[in-house]
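Got your viewer open? Load the model, hide nothing for now, and follow along one selection at a time.

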Amino acid sequence: MKQTHFDRKTVRFLFFGYIIIAFLGAFLLSIGGVAKEKLSFIDALFTSVSAISMTGLIVKNIALDFNLSGQIIILFLIQIGGLGYMGLGVFFYVLIRKKIGFHERNMLKESLLYPHMEGVVDFLRKILFFVFIAEFIGGILLFLRFALDMPINQALWFGFFHSISAFNNAGFSIFETGLVAYRGDFWINFVITSLVIIGGIGYFVLLELYLFQRKRLSSLSVHTKIVLISTLVLILSATLAVFCFEYANIKSLGALSFFDKLLSSYFTAVNYRTSGFNTLDLSTFKDASLFFGSLFMIIGGGPGGTSGGIKVTTFAVLIIYTYWVIKNGRVRVFHYEIPDEVVKRAFVIAVGSAAYIVICVLLLSLLEGEVRFIYLLFETSSAFATVGVSVGDGGTLSLSALFGDSAKLIIIVMMISGRIGIFAFLVAIFTKDKEKYIKYPEGKIYL
């Protein structure tokens, strides 16, 4: 897979496009009849950004505070966020058989993180087909289970809402207390986590797996192998961490059966990394669990999909690079050498993300000094990685519901920047095209 080179103008266009859509969503959510009670604009904007960035942090309960029209608007924003508004725009271009120009193809390439211009529209067609099929199958499977507990029409709505929310790694739920009532339900846990994982590994990986399964590819690319192996290792590691740290904690896993402990640990681990559903009260977790949860969230899922974070590929490249530096060899994996440009970009993403999170946590600690620091770190990591899990406000909302407007704005900016990616965010905000005419002499630094 060739490395995508960011076009600054295109990235800025996409970035400000998401902001415009977020404000439009906030306007729709703040008009009369959508919420059961009038929303403040900051809460409407927070909800809109959380939906379009597929985060799932909530300052208003989706089940209690919004009527059906409000929930439909939120679901539509989630779908826009999952496919990218350029993806949906080109989809409508295709429907009306309008010619797609170079500019639209270039923005679509950046929006989907596709490696090159050639074949990007065909790639989108395949992805749209796969997305809608996955969401449909997930909706039916969830409907069949929910139909045992509620009327058919309600079960249908609940099934498809949670399917779309899960596949797009959004974590929004229209149950008052999330999926806590289904903590020990294997069917619900399996379907939700499967949708989250499939949506979170990236569209490029999904297409390659499909072509490989149909024997149209002789082997998987290095990118796909790294994403799949890293995803498996991180999910197993996160499951083990939750299980071990919380095993004897009577407030979280301690009172559950062994099977339910494993199931809840796995569900939490999957949602740590890419989504925001919960079957446990995370405010009961030990600080060690919350700290490791923050690290897993920051790593995130696969690039070019519905997940956030620095991406598993960035994390894997850093680990591989460190290994080969220690062995004093050339950086390679699966008999392929990793280009220096990829390693450098991985370091920029990791260092930039770490600095960004530290600054935001410090600002939040100054604004919300009464909140425990580990809770602020967890909430900030969740917002940056567009995950959505939270220790909560003591009720059914996220911790952010307790924040003042200034702190909420920080979380909003983190969710937007997390949606487009930290590297693209830095490119869009802080860089400009310059021609280099001067070459400076090299300086030696001893490490």
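What follows is a walk from the whole chain down to single residues, and then to a pocket.

**Whole protein.** Keep in mind that this is a predicted model. Colour by secondary structure and you should find 18 helices and two strands. Of the 447 residues, 56% are buried. Switch on a surface if you like: the accessible area comes to about 21100 Å², with carbon and sulfur atoms accounting for 66% of that. If you prefer contact maps, take the contacts with a separation of 6 or more: 69% of them join residues 24 or more positions apart.

**Select 68-83.** This is helix H4, with 16 residues. Put a distance between its end C-alpha atoms and you get 23 Å; at 1.5 Å a residue the expected span is 22 Å, so the two agree. Now look at what surrounds H4: 12 of its 16 residues are buried, so the helix is largely enclosed by the rest of the structure. The buried set includes Ile 73, Ile 74, Leu 75, Leu 77 and Ile 78, along with Gln 71 and Gln 79. Its C-terminal stretch of Ile 80, Gly 81, Gly 82 and Leu 83 is buried too.

**Select 340-367.** Here you have helix H15, 28 residues running 41 Å from first C-alpha to last, close to the 40 Å expected. Show its buried side chains, among them Ala 346, Ile 349, Ser 353, Tyr 356, Ile 357, Cys 360 and Leu 364. Notice the spacing as you click along them. An α-helix has 3.6 residues a turn, so residues three or four places apart point the same way. Arg 345 is also on the buried list.

**Zoom to Ile 357.** Which residues does Ile 357 touch, leaving aside its neighbours within four places in sequence? Show Ile 298, Leu 377, Thr 380, Phe 384 and Met 414 to see them. Ile 357 counts as buried, at 6% relative accessibility, because the cut-off for that is under 20%. Its partner Ile 298 sits 59 residues away in sequence, with 9.3 Å between the two C-alpha atoms.

**Jump to Ser 275.** You are now in the loop between helix H12 (258-273) and helix H13 (287-299). Buried or exposed, this Ser 275? It is buried, with a relative accessible area of 0%. Beyond residues up to four places away in sequence, Ser 275 touches Asn 169, Ala 170, Gly 171, Val 196, Val 270, Val 387 and Val 389.

**Two positive phi angles.** Next, check the backbone at Met 54, in the loop between helix H2 (41-52) and helix H3 (62-65). Its phi is near 60 degrees, a positive value in a residue other than glycine. Met 54 is buried, with a relative accessible area of 1%. Then go to His 335, in the loop between strand S1 (332-333) and strand S2 (336-337). His 335 also has a positive phi, about 65 degrees, without being a glycine. At 84% relative accessibility, though, His 335 counts as exposed.

**Last stop: a pocket.** Select Ile 58, Thr 177, Asn 278, Thr 396 and Leu 397 and centre the view on them. Of the 30 residues lining the second largest pocket, these five lie nearest its centre. The space in there is about 490 Å³. What classes make up the lining of this second largest pocket? Colour by class and you get 12 nonpolar, 16 polar and two charged residues.

How values were computed:
Residues are numbered from 1 along each chain as its sequence is written. This is a predicted model: local features need pLDDT of at least 70, side-chain atom pairs count only at pLDDT 80 or more; totals for chains, interfaces and linings use all residues. Side-chain values use heavy atoms; hydrogens and water are left out. On a 1 Å grid over the protein atoms alone, a cavity is a set of points where a 1.4 Å probe fits but cannot get out, and a pocket is an open set with protein on both sides within 12 Å along at least five of seven lines; lining residues have an atom within 4 Å of a point. Grid points are joined across faces, edges and corners, and a volume is the space filled by probe spheres set on the points. Ala, Val, Leu, Ile, Met, Phe, Trp, Tyr, Cys and Pro count as nonpolar, Asp, Glu, Lys and Arg as charged, and the others, Gly among them, as polar. Helices (H or I, at least four residues) and strands (E, at least two) are DSSP runs, numbered from the N terminus. Buried means under 20% relative accessible area, exposed over 50%, partly exposed in between (1.4 Å probe, protein chains only). Contact means heavy atoms within 4.5 Å. Accessible areas come from the Shrake-Rupley method with a 1.4 Å probe; for residues, only the protein chains shown count as cover. The expected span of a helix is 1.5 Å times one less than its number of residues.
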